[in-house]
Amino acid sequence: MADWAQLLGGSVLLGICITATMVLPRPHYLLSIGVGVASLAAATQASSTLLSRYGTFEVAVASTFVLFGGAGVGYRLAAAALSHLARDSEIPHIARSREGTGAGIVLLAFADPERYSPSWVARRHERLTDSAGIDVPPTAVPFVFLAQKTRYRSMRGSTTGIVVARDLAARVAGVLGPAEGLVGVLVAPADDAGALGVAVAELASRGAARVGVVVLGQEDSDDVDQAKHALDSAHPSDAGVRVCFGPSLWNDTQLAAKLTVRVAAALADRPSSECGVVLVSQGMPPEWERRHAAAQEDENYFNQRVRMLLGAQGIDERAVRIAWIDWQMPDVTEAVRHVAALGKTRVVVAPSTIALSTLEYELDLDHAIDSARLPSTVEVVTLPCWGTDTGMLEAIVHSARSALQARGCAEDGTAEISSATP
């Protein structure tokens, strides 16, 4: 009986280790590989002992069934447990120091973590399945983790989006610090619903009575809704801390003008009749697209304004197309083909409403352009996303000032979490 128990236990542990190897980052997955090999060896030894003891066909079939069946059970058990990784940060008690009358700013960043994180993948997967209607079979969930881990590996293990956000925070502090009485400018990842509350609590402990939040992405989104709900449940107003969201960056007319200048610089050595432009946004699942109409309006307003400004500089507005990297149509491949079909020999692909670099921008954008299979006579120039561009910095400063000067933040007393109007 002990041999059967060893066979079953070893095979179940093997299945768990297979899932762990797919999910865990280095060096943890190396440990799971070692444990998996030991489990396989133990199960194989038990199976060999049973065969040598009984030597019947029935035992051979039964031991094989237990080995593969146990591994499958272990795999499914571990896959089902992955949902427990989707935990947001816990918001500490928000308490403002007695003499605190300062101001703080939080940049809510739509950026992937610097390095691969299973909890980030779990949160992202849970949000897509719960609110975006994306259905993934439980047995396929480990492959979602493996895919993201592989994407990070192709990026040499790290992305720059959240690092750039911290750089922007330091620059905003340098611009606003002396004039606004800032106690700090912090970055909170938008995918972690509790991160905003953690940042507000930290600023309150430094003496902030007012906190302005600038969203480096789309304010009308599920991620921001979750962050607002988590912050509201922490009751910052009870501690005398007033929180206001600044206006959307994509409502900033100067930012649209800055993008026009960047695009025009990439087309400067060609006649305008030979030039086309594809304005690229991130994209969101259809269910979110229906629920967050304001996000679509902001993107459309921004892109149409850029299109109009490019038209004023002689670019054919028919050759200025709008596309999305993911989820929405037309995609980048279709848009680039369309512009090339109009006879344009230089096409500028410009991330328009992508504030920070993401995996999709770094990996999928170039692949989408290559998939267009354009003639050799067509040159495609891809602009970097906004990052630390001076236009983005100015737009963030403007939004932050609007948040701190908004009625809910500038007045004495407490106020609910609110949004500043442009």
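This is a short tour of some strands and salt bridges in a predicted model.

**Stop 1: strand E3**

Select residues 208–216, which form strand E3. Is this strand mostly covered or mostly open? It is mostly covered, since nine of its nine residues are buried.

Now add strand E1, residues 102–109. E1 and E3 run parallel and are paired over eight bridges. To see one position in this pairing, select Leu 107 together with its bridge partner in E3, Val 214.

Next, add residues 242–245, strand E4. How many bridges join E3 to E4? There are four, and these two strands are also parallel. Within E4, Phe 245 is the residue opposite Val 213. Follow the chain from E3 onward: the path goes through helix H8 and arrives at E4, a β-α-β crossover that is right-handed.

**Stop 2: helix H4 and its arginines**

Side chains of opposite charge can pair when their charged atoms come close. The count of salt bridges in this model is 17.

Select Arg 127 and Asp 223. Their side chains form a salt bridge, with 2.5 Å from N to O. Arg 127 belongs to helix H4 and Asp 223 to helix H8 (residues 222–233), so this contact ties together parts 96 residues apart in sequence. Both Arg 127 and Asp 223 are buried.

Stay on H4, residues 118–131, and select Arg 123. Which residue does the side chain of Arg 123 meet in a salt bridge? The partner is Asp 88, at 3.9 Å from N to O. Asp 88 sits in the loop between helix H3 (57–81) and strand E1, and the two residues are 35 apart along the chain. Arg 123 has a relative accessible area of 11%, so it is buried. Asp 88, at 32%, is partly exposed.

**Stop 3: a network of salt bridges**

Select Arg 346 and Glu 379. The salt bridge between their side chains spans 3.0 Å, N to O. Arg 346 is in strand E7 (residues 346–351) and Glu 379 is in strand E8 (residues 379–382), so the pair connects parts that are 33 residues apart in sequence.

Are these two residues buried or partly exposed? Arg 346 counts as buried because its relative accessibility is 8%, under the 20% cut-off. Glu 379 has a relative accessibility of 33% and counts as partly exposed.

Finally, add Asp 269, Arg 270 and Glu 274 to the selection. Together with Arg 346 and Glu 379, they are linked in a network of salt bridges.

Note on methods. Residues are numbered from 1 along each chain as its sequence is written. This is a predicted model: local features need pLDDT of at least 70, side-chain atom pairs count only at pLDDT 80 or more; totals for chains, interfaces and linings use all residues. Side-chain values use heavy atoms; hydrogens and water are left out. A salt bridge is a side-chain nitrogen of Lys or Arg within 4 Å of a carboxyl oxygen of Asp or Glu. Buried means under 20% relative accessible area, exposed over 50%, partly exposed in between (1.4 Å probe, protein chains only). Two strands pair if DSSP finds at least two bridges between them. A crossover is right-handed if, with the strands pointing away from the viewer, the path from the first strand over the helix to the second runs clockwise.
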